[in-house]
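Hello,

Here is the structure I promised to pass on. Please look it over first; my notes follow below.

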Amino acid sequence: KRLRVTSKLGMDVTVGINPFAISGGHSPVALPGERVNFPGGMVGINPQDPANGQLVMNIIYPSWNPPKIILDKPIKITIEDHWATKIEGDCADWVEQLPAASQAATL
């Protein structure tokens with residue numbers, strides 16, 4: 001019922017999860033030129049309350065045309081009670097200007 005994600009960059013975030021709201025897929029075979037997840041599977045979750053901690057990333061997903069994709073300094077987003085309360089690091093000003101619904105999909 002709880003998921004904790006940590007990384008060497010300093011990410012440490014804990015969220016509640018609903019085990020009945022997990023989706024996933026598997027693509028064990030790829031044809032030449034196809035893009036698939038490694039090692040061939042994926043899982044999607046919808047974080048439940050409470051969500052707390054710090055997200056730390058050194059890349060931004062390019063679909064929203066960020067000023068940079070690979071960051072010089074990791075971006076750190078402090079999450080308190082499911083809300084981003086502090087954003088710091090490379091491109092922090094750009095992330096703060098994003099619509100709230102886009103922020104989760106962008107990073």
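**The core and the sheet**

The largest nonpolar core has 15 residues, and those touching the most other members are Met 11, Met 57, Leu 71, Ile 75, Ile 77 and Ile 87. Such a core is a set of buried Ala, Val, Leu, Ile, Met, Phe, Trp, Tyr and Cys residues joined through side-chain atoms within 4.5 Å. Strand 2 (12–16), strand 5 (48–59), strand 6 and helix 1 (92–96) each give at least two residues to this core. Strand 6 supplies the largest share, four residues. Helices (H or I, at least four residues) and strands (E, at least two) are DSSP runs, numbered from the N terminus.

This is a predicted model: local features need pLDDT of at least 70, side-chain atom pairs count only at pLDDT 80 or more, and totals for chains, interfaces and linings use all residues. Residues are numbered from 1 along each chain as its sequence is written, and side-chain values use heavy atoms, with hydrogens and water left out.

Now the sheet. It is open, with five strands in the order 1-2-5-6-7 and antiparallel pairing. Two strands pair if DSSP finds at least two bridges between them. Strand 1 (2–6) and strand 7 (83–88) are the edges, each pairing on one side only. Strand 6 (residues 70–80) pairs with strand 7 over five bridges, antiparallel. Ile 77 stands opposite Ile 87 of strand 7.

Thr 78 also lies in strand 6. Is Thr 78 buried or exposed? Thr 78 is buried, because its relative accessible area is 17% (buried means under 20%, exposed over 50%, partly exposed in between, with a 1.4 Å probe and protein chains only).

Best wishes
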